[in-house]
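User: Please take one part of this model and look at it closely, residue by residue. Then go on to other places where similar features turn up, and keep the account connected.

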Amino acid sequence: MTSDPHHSRWGDPAKAGPVPESMRALIDAAFQHPEPRSSAPLEALVPGPCALSSDQLAALAGLVGAAHVDTTDETRTRHAGGCSTVDLLHRREGDLRDAPDAIVLPGSHDDVAAILRWAGAEHVAVIPFGGGTSVVGGLSPDRSGFTATIALDLRRMNRLLAVDETSMTATLEPGMRGPEAEAALAPHGMTIGHLPQSFQYATIGGFAAARSSGQSSAGYGRFDQMVTGLRVATPAGDLDLGRGPQNAAGPDLRQLIVGSEGAFGVITSVTVRTRPLPSERWAAGVRMPSFAEGAAALRELNRSRLPLTVVRLSDEAETAINLANLDAIGSGEDPAHPGSLLIIGVEGDAEQVARGRDGALAILARHGGGEPDEPAGEHWYEGRFNGPYLRDGLLDAGVLVDTLETVTNWSDLEGVHDAVGEAIHGALGETPHIVLCHV
């Protein structure tokens with residue numbers, strides 16, 4: 001198996017495994033000894049018959065080469081939906097409703113444009129496919145009015161096209177994964193700094209199409225804020241958007257494509273702002289007395305304009321789970337009063353790191369923050385991409401896990417936190433559950 005999101009699991013098989021023993025007692029207590037669940041093996045899954053005719057498959061092969069048109073059961077299964085919990089549960093149960101009829105791998109913008117023209121004429125739906133990490137249903141086709149569906153897998157389009165070291169911008173093809181993009185930019189002394197939890201498998205095109213927000217967005221910004229230019233292939237022609245970094249005349253059409261989930265066309269190149277590679281990093285965990293006091297500290301940190309990269313506050317429930325995962329409870333910790341854990345990180349040159357660290361710790365201290373725990377900060381950095389592996393282990397253990405995201409004004413934060421928690425508690429009723437939150 002390759003190191004890709006599996007048909008019902010995440011990422012690298014070598015990193016997969018059961019939930020840590022330190023969490024087992026918590027799971028048994030909170031979820032009343034759930035019954036373990038297994039998933040159907042990949043080789044046992046068979047999608048429905050391919051709806052494309054032999055003539056249609058031959059036409060696709062004529063556009064991109066026969067080696068780049070795949071209708072095998074395994075490949076169709078791996079492209080059946082994304083990586084949301086619902087997607088994983090479907091595939092674990094052998095439900096391949098989202099399997100495309102074929103996977104087509106273009107090698108260039110012109111290939112993509114030709115495929116879209118062909119698909120329009122043949123009434124075939126096209127699903128742009130990057131890393132397959134979507135959690136919002138973007139890879140689940142609506143077959144209404146279409147004769148068949150194809151997944152347009154962009155992995156062959158993975159080059160660094162241009163670098164402007166004066167303007168600090170780079171143009172990349174959409175199939176480059178996060179680590180590939182960072183490796184290509186590092187020799188130029190550049191970084192994008194976009195690190196969502198899906199970073200290891202998600203792609204540049206996917207970041208743009210999903211209006212992605214990363215774990216370092218406090219410092220680097222969301223991905224849509226980094227995009228200065230896009231090239232897009234559509235069935236009606238090409239779009240070249242963003243001749244300059246900003247636009248003061250009329251609507252910014254880049255924002256029509258960024259966040260569109262591939263609905264209006266296929267992104268074939270992205271120009272992004274970059275930052276200099278940081279020379280230093282400092283991180284720590286700081287225990288706040290409560291979620292409310294931690295949120296007040298976050299608000300002041302936000303106003304301070306300190307050069308912070310990571311700012312992440314867990315509420316009391318999530319803090320207790322994090323401590324259990326660290327095996328901290330039982331070694332002097334009080335599980336009934338865990339406080340609220342705040343992870344803070346600063347990247348940059350020595351002056352930036354010192355200014356961000358010292359300024360942030362002074363603010364946190366004014367709000368009752370404890371002493372900075374640097375090993376806790378580094379532990380978070382080292383494990384920040386491992387959440388999906390824990391989800392897999394919990395699903396195996398019979399515990400369903402899902403996440404939701406929202407945004408609000410500072411003045412509504414406490415009310416939204418409480419109202420969403422109450423709504424989930426009310427909906428789940430007597431079903432054993434835990435609701436966690438971080439900001």
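Analyst: I start with R211, which sits in the loop between α7 (204-209) and α8 (217-220). The model is a predicted one, so what follows describes computed geometry. The backbone of R211 has a phi near 50°, a positive value in a residue other than glycine. Is R211 buried, partly exposed or exposed? R211 counts as partly exposed because its relative accessibility is 32%, and the range for that class runs between 20% and 50%.

On the far side of this loop comes helix α8, and S217 belongs to that helix. S217 has a relative accessible area of 18%, so it is classed as buried; the cut-off for buried is under 20%. Which residues does S217 touch once those up to four places away in sequence are set aside? They are R222 and T309.

R222 leads to a charged pair. Its partner in a salt bridge is D224, and the closest N and O atoms of the two are 2.9 Å apart. That distance counts because the criterion asks for a side-chain nitrogen of Lys or Arg within 4 Å of a carboxyl oxygen of Asp or Glu. In general, side chains of opposite charge can pair when their charged atoms come close. The two partners fall into separate accessibility classes: D224 is buried at 7%, whereas R222 is partly exposed at 34%. R222 therefore takes part in the salt bridge with D224 and in the contact with S217, while its own relative accessible area is 34%.

Other salt bridges can be set beside this one. The whole structure contains 16 of them. D252 and R254 are joined in one, with an N to O distance of 2.9 Å. Here the aspartate, D252, is partly exposed at 28%, and the arginine, R254, is buried at 3%. A further case is E300 with R366, whose closest N and O atoms lie 2.4 Å apart. E300 is part of helix α11 (residues 291-304) and R366 is part of helix α13 (residues 350-366), so this pair ties together parts that are 66 residues apart in sequence. R366 is exposed, with a relative accessible area of 55%. Salt bridges with shared partners join R76, D101 and R143 into one network.

Helix α10 (residues 254-257) includes L256. Together with L253 and F264, L256 makes a nonpolar surface patch of about 300 Å². The relative accessible area of L256 is 48%, so this leucine is partly exposed.

The positive phi of R211 has counterparts elsewhere. H33 has a positive phi of about 55° although it is not a glycine, and H33 lies in the loop between α1 (21-31) and α2 (54-64). At 59% relative accessible area, H33 is exposed. M168 provides another case: its phi is positive, about 60°, and M168 is in the turn of the hairpin formed by β5 and β6, which have 4 residues between them. The two strands, β5 (residues 160-164) and β6 (residues 169-172), run antiparallel and are joined by 4 bridges. Within this pairing, A162 of one strand stands opposite T171 in β6.

The buried S217 can be set beside D111, which is found in helix α5 (residues 109-122). D111 is buried because its relative accessibility is 17%. Beyond its neighbours within four places in sequence, D111 is in contact with L63, V64, P106 and R156. L45 is 66 residues away from D111 along the chain, and their C-alpha atoms are 31 Å apart.

Last, the cysteines. The structure holds 0 disulfides. Where do C50 and C83 stand in accessibility? C50 is partly exposed at 28%, while C83 is buried at 3%.

Notes:
Residues are numbered from 1 along each chain as its sequence is written. This is a predicted model: local features need pLDDT of at least 70, side-chain atom pairs count only at pLDDT 80 or more; totals for chains, interfaces and linings use all residues. Side-chain values use heavy atoms; hydrogens and water are left out. Buried means under 20% relative accessible area, exposed over 50%, partly exposed in between (1.4 Å probe, protein chains only). Patches are made of residues with over 30% relative accessible area and no salt bridge: like charges are joined within 9 Å, nonpolar side chains (Val, Leu, Ile, Met, Phe, Trp, Tyr) within 5 Å. Accessible areas come from the Shrake-Rupley method with a 1.4 Å probe; for residues, only the protein chains shown count as cover. Two strands pair if DSSP finds at least two bridges between them. A disulfide is a pair of cysteine sulfur atoms within 2.5 Å. Contact means heavy atoms within 4.5 Å.
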